[in-house]
Amino acid sequence: MSDETLNVSDETLLVVDDHAETRRMIAMTLRDNGFKVVVAEDGPQGLALAKEHSPALVLLDVSMPGMSGYEVCRRMRTMPELVNTRIVMFTANTEAEEKWQGFRAGADDYLTKPTPPEELLDRVEMMLDVRQRRLEGSSGVQIDKLAAALQGSGVPDNLEPPEASKPIVPDNLEPPVAPDNKTEKMKIPLPAPPRRRSQPLAEAAEAAPAASARGNTGGLGNQRESKPLTSSGSNSLVPVDGYVWAVVGARGGVGTTTTAINVATALAMNQQETTLIDFDHQQGHVAAYLKQAKVNGVRLLQNVPLGQWSAALGQLRQTFGETLHVLFTEADWGRERPFFTPQQTRQLMQVVGKPFQHQVYDLGHGMTPAKRAVIAQANGVVFCLQPERVAMLAGRDGQRVLKGLMAAESQIYPLMLNFTPLPQLEKEKAEAFLGHPIYRMVTIQYEEMAQAANKGVPLIRALPDSEAAAVFHQLGQALLAMMVRR
């Protein structure tokens, strides 16, 4: 075991690998780039060092004598000291089933041996969000600069992130160039101007526990029997231009972020101005999926006066191509920093909303007052499920909560995603268990996910001919068609 003085971060990385040369090369690569590293030669030593150092990230070999990497990972996930630790597993095997076992054991990511040094560093920095950790010591200064710049007539150029920290956008993330007549390019014509929706959000957000207690098992979205909600105050009525779509998972690991990214991309590919907002403040996975390790997060808006949010968005929003914009969120695994209040959430929807334009919110899983505010305002909710017992049980209860929050005219789109090589659960059986229809069922191979993630592009663009891409396109078309009908 050994360790070094740290330059990039004050936290420890733990490498657990029984192969001495591999262990040495990984540790040397990380130390040469400013990381503090401790190493272990087997599972028991790795567990002991993890308890001693509480590492920020563990690089863990799968195949070790005695105690396998899977078992080490499972035990680490039970240790209170490692509640916020990320685990990346190493394997020489590219079989999807082996990688799936690692995810089930609690791994956050996978690397295939041999791993090029640049890929190792890129993945480590992405998982740790090094830039965010660097900024934490001077976050007040960053906030003050942003707020000060917004005073007066505009946002000065010197608040742009330095050239080295600007995201590198892969060429294949760009949407196709639109022809002169954009309407002919679209598969669905532009809808009529949307009405300004005024939904009593505060009351709707508070209705979820009551709806769950009533056991509301009515039909989907606009098919359910709904009593009108009354506003409890003048701040409850919120007019929002354009369209709001929420993507939420029955539990973690069901493909919520994958779905949100690809639905937003599908809308953008139809020449629809679309903003994807990462509203999963604990995970913050959108930046990782798009390989944007250095982001200015939407959380900074909380420190800017409400009247200056429109100008601040210009600093925070990143654009991919002509029609897709993204508001990233930094991960907060420990939930140590406050996130948006319902009032701030409503303000965000108002500021982002524009006629004909779309907002797609990645809500992750679980409910918070801010997420309830989004769902109450949404024109539609994509509800991500998985064909296994825990997700199905959570899905049956979750859809009741969602329907208690949603406006009567809104629609819910249950989407069943399968990431295992096991056969799909029959659609009829799944629908009977849930008590409502499923919009689509789709299998996404691990190799497909890995290929898209490694390129840092949406799956719909990385593998345009795949089954999953077709389903995401269909879902995007369904959302547009829903607007045309209105």
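This report covers two sheets, one helix and one cavity of a predicted model.

## The eight-strand sheet

Eight strands make up an open sheet with mixed pairing. Their order is β10-β11-β9-β12-β8-β13-β14-β15. The edges are taken by β10 (318-320) and β15 (440-443). Each has a single partner strand, so one side of each is left without a neighbour in the sheet. From one strand to the next, the twist averages 20°.

Strands of a sheet pair through backbone hydrogen bonds, in either the parallel or the antiparallel sense. Here, β8 (residues 243-249) and β13 (residues 380-385) run parallel and share five bridges. V248 has F383 of β13 as its bridge partner.

## Strand β9 and its two partners

Strand β9 spans residues 274-278. In the sheet order it stands between β11 and β12. Both pairings are parallel. Four bridges link β9 to β11 (residues 324-327). Five bridges link β9 to β12 (residues 358-365).

I277 takes part on both sides. Its bridge partner in β11 is L327. Its bridge partner in β12 is Y361.

Is β9 mostly covered or mostly open? It is mostly covered: five of its five residues are buried, where buried means under 20% relative accessible area. The side chains split between two directions. T274, L276 and D278 point one way. T275 and I277 point the other way. All of these residues are buried, D278 included.

## The five-strand sheet

A further open sheet holds five strands, in the order β2-β1-β3-β4-β5. Its pairing is parallel. The edge strands are β2 (36-40) and β5 (109-112), and each pairs on one side only. The twist averages 20° from one strand to the next.

Within this sheet, β1 (residues 12-16) and β3 (residues 57-61) run parallel and are joined by four bridges. One of the bridge pairs sets L14 against V58 of β3.

## Helix α10

Helix α10 covers residues 256-269. It has 14 residues. From first C-alpha to last it reaches 20 Å, close to the 20 Å expected at 1.5 Å a residue.

How many of the residues of α10 are buried? The count is 13 of 14, so the helix is mostly covered by the under-20% cut-off. After α10 comes Q271, with a positive phi near 60°.

## The second largest cavity

The structure holds four cavities of 30 Å³ or more. The second largest has a volume of about 90 Å³.

Which helices each supply at least two residues of its lining? They are α10 (256-269) and α17 (446-455). The lining includes T258, I261 and N262, with numbers that fall in the range of α10. It also includes M449, A452 and A453, whose numbers fall in the range of α17. The other lining residues are Y289, L290, V457, P458 and L459.

By residue class, the lining divides into nine nonpolar, two polar and no charged residues. T258 and N262 are in the lining, and both count as polar, because Thr and Asn are neither on the nonpolar nor on the charged list. An α-helix has 3.6 residues a turn, so residues three or four places apart point the same way. T258, I261 and N262 of the lining can be read with that spacing in view.

Methods
Residues numbered from 1 in each chain as written. Predicted model: local features only at pLDDT ≥ 70, side-chain atom pairs only at ≥ 80, totals over all residues. Heavy atoms only, no water. 1 Å grid on protein atoms, 1.4 Å probe; cavity = no way out; pocket = protein on both sides within 12 Å on 5 of 7 lines; lining within 4 Å. Points joined across faces, edges and corners; volume = space filled by probe spheres on them. Expected span 1.5 Å × (residues − 1). Buried < 20%, exposed > 50% of the residue type's maximum accessible area, 1.4 Å probe, protein only. Pairing = 2+ DSSP bridges. Axes fitted to C-alpha atoms, helices over the stretch in contact; angles between N-to-C directions.
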